[in-house]
Amino acid sequence: MTDQHESKPTDLFIIGGGINGCGIARDAAGRGLSVSLAEMGDLASATSSASTKLFHGGLRYLEYFEFRLVHEALAEREVLLRAMPHISWPMRFVLPYHPSMRFESETPTSKLLTLVMPWMKGRRPAWLIRLGLFMYDHLDFGRRKLLPGTSSLSLRGTPEGEPLDDRFEKAYEYSDCWVQDSRLVVLNARDAEARGAKIMTRTKALSAKREGDLWRVEVENTETGERSVHFARMLVNAGGPWVGEIIQTTVHLNVREGVRLVRGSHIVTRKLYDHDKCYFFQGTDGRIIFAIPYEEDFTLIGTTDAEHHDPDARPVCTPEEQQYLIDFANRYFKRDISAEDVVWTYSGVRPLYDDGASSATAATRDYTLKVEGGGAPLLNVFGGKITTYRRLAESALDKIAEQLGDVPDAWTAGVPLPGGDFPVNGGPRLVVSLRSAYPFLNEHWARRLVRTYGTEARALLGDAESAEALGRDFGATLTAAEVDWLMDREYARSAEDVLWRRTKLGLHFSEPQVAALQSYMQARGAGKTVDSSV
Ligand SMILES: Cc1cc2nc3c(=O)[nH]c(=O)nc-3n(C[C@H](O)[C@H](O)[C@H](O)COP(=O)(O)OP(=O)(O)OC[C@H]3O[C@@H](n4cnc5c(N)ncnc54)[C@H](O)[C@@H]3O)c2cc1C
């Protein structure tokens, strides 16, 4: 075992390479703190690659009176959009209205309405939706400059109405944003590393013990089995679904706060309609789901809320959840979909702060940060949204500063992530300039590179004058040059990392293509000579 006691202890040791761990690592490293981060799998291998991928205020949380969360998330959307215009972009959401729409009976709003207007019998009236959307437009207290506000729209004879059942005649339309969640995590990790953090993937924290005023953390490389020990002044538990397990079995503490694991699944079908807007569908059970244009050729539909009891049980979309989403969508779309239309499913576990709510849907989506003192301090992170990760990191740094003292001010608002140093809406121009510098790129390929790497696409392509110069073509425009970039700079180790987290090219890959990519990466990772030619 390597004992790193001789090396200087770091200020922070972070367990967990999801969005919260990597967001805190970046913020802390940028303030001059020394940081080590251990992720037992790939970055974003758990919840942070399985979200609905929205930077959103969370319209439905208004019904739960989650005003703090909605305000913070709404105000945050444009801060994030400006920092990463390559991996995030604005979206319009179409909310079809029909008088039969119902509340989830447990929301504070539905209880209040039932009390004062008992004849409504759990129905969600149009005026209430309009009120909610008015609040959604204004609850950011004027920070919305780029995203258009709410409007009404007729569904008769319009592209938005075309795929929907004829009983829907009118709709409301509002703004939120899309984000490629797993790329967000990797770019935060890269930026943290560029600012001095040590990012260790495939590294599991086995135990953490207090020794005097330091933490002694033992980790294991999950590929080689090699163990090492690290020392830090403060420990951050950003283990997502494992936050409770880390408290109990890694740190051995008795802590009152708990985590509630709520699984959410999505299905992906071939494209169900031609325009670029999303749908917000309200169900007869009071829940809502989204249907979102996905990866150009597909439609993403989700999500569900199901209790999940064991963080180690890999979340999968059950046949019941799949059918629930299909039935939900079929109440809206003219053309019925069936299980045969589903080309992919994915599932993730929300690590929610256990606030004792009656149902999984009602449990708070807000985050809670708790510091355990008594010698070297421990910070436990519960809950949180992709959308609020940067604010969560700032709050975490406030808590860290209280413990470690002398921490510089917040800095991440307005600082782009790698590749994001261009204006919002500047993507199309970047595609044009990339195609003129590299005429062998077609429109689709150039757009994919810009939406993945932003301004860094040029560094990836280097001085290539032809597609052949980028080396072996693994399929769907993935070349050896791109795979090498992902291995050398973005911590990718396996075909799955590349095909499902650094990109979503897995949607287009056949099994033999996956196998070819895997053996290339294995050989290259092991330092063997690989055939990277065409
Ligand atoms: C279905 C679904 C839809 C969602 N949609 C949205 C959305 O549209 N917008 C939004 O803003 N939010 C959304 N969220 C919420 C958001 O995805 C999560 O809040 C967020 O990803 C949680 O990040 P995290 O870093 O806390 O957890 P994770 O991403 O799970 O990261 C924790 C990491 O810790 C690692 N780890 C655990 N134990 C150890 C150990 N002992 N050693 C080393 N590493 C360890 C794990 O491998 C894991 O990678 C959604 C969540 C779900 C499930």
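**Notebook: helices, loops and the ligand site**

I looked up helix α14 and found that its buried residues (under 20% relative accessible area, with a 1.4 Å probe and protein chains only) are L517, Y520, M521 and A523. These residues lie on the same side of α14, because they cover an arc of only 165° around the axis, the arc being that of the directions from the helix axis to the C-beta atoms. On the face turned away from that buried side I noted the exposed residues (over 50%) E511, P512, Q522 and G525.

I record here that the model is predicted: local features need pLDDT of at least 70, side-chain atom pairs count only at pLDDT 80 or more, and totals for chains, interfaces and linings use all residues. Residues are numbered from 1 along each chain as its sequence is written, and side-chain values use heavy atoms, with hydrogens and water left out. Helices (H or I, at least four residues) and strands (E, at least two) are DSSP runs, numbered from the N terminus.

**Helix lengths**

I then checked the span of α14 (residues 511-525): its 15 residues should cover 21 Å at 1.5 Å a residue, and its end C-alpha atoms are 21 Å apart, which agrees. The expected span is 1.5 Å times one less than the number of residues. Helix α4 (residues 126-138) has 13 residues and reaches 19 Å from its first C-alpha to its last, close to the 18 Å expected. In α4 I listed A126, L128, I129, G132, L133, Y136 and D137 as buried.

**The ligand**

Which residues come nearest to the ligand? Of the 38 residues around the ligand (those with a heavy atom within 4 Å of it), they are E39, S48, L54, G384 and T387. I sorted the shell into 14 nonpolar, 19 polar and five charged residues. In this sorting Ala, Val, Leu, Ile, Met, Phe, Trp, Tyr, Cys and Pro count as nonpolar, Asp, Glu, Lys and Arg as charged, and the others, Gly among them, as polar.

I looked next for polar contacts, here pairs of N or O atoms within 3.5 Å. A backbone N or O atom of G384 lies 2.4 Å from an oxygen atom of the ligand. An N or O atom in the side chain of T47 is 3.1 Å from a ligand oxygen, and a polar backbone atom of K53 is 3.4 Å from a ligand oxygen. Taken alone the ligand exposes 1000 Å², of which the protein buries 97%; the areas come from the Shrake-Rupley method with a 1.4 Å probe. Elements giving two or more residues to the shell are α1 (19-30), β9 (203-211), β12 (259-270) and β17 (342-353).

**Backbone entries**

Is A44 buried or exposed? I found that A44 counts as buried because its relative accessibility is 1%. A44 is in the loop between β3 (35-38) and β4 (54-55), and its phi is near 60°, a positive value in a residue other than glycine.

D406 also has a positive phi, near 55°, and lies in the loop between α8 (389-404) and α9 (427-437). At 82% relative accessibility, D406 counts as exposed.

I noted a cis peptide bond joining G302 and T303, with omega about 20°. T303 lies in the loop between β15 (298-302) and β16 (306-307).

**Distances along and across the chain**

E496 is in helix α13 (residues 495-502); at 47% relative accessibility, E496 counts as partly exposed (between 20% and 50%). E496 and N221 are 275 residues apart in sequence and 19 Å apart in space, C-alpha to C-alpha.

Definitions and conventions. A polar contact is a pair of N or O atoms within 3.5 Å; within protein, one must be able to donate a hydrogen and the other to accept it, and residues adjacent in sequence count only if both atoms are side-chain atoms.
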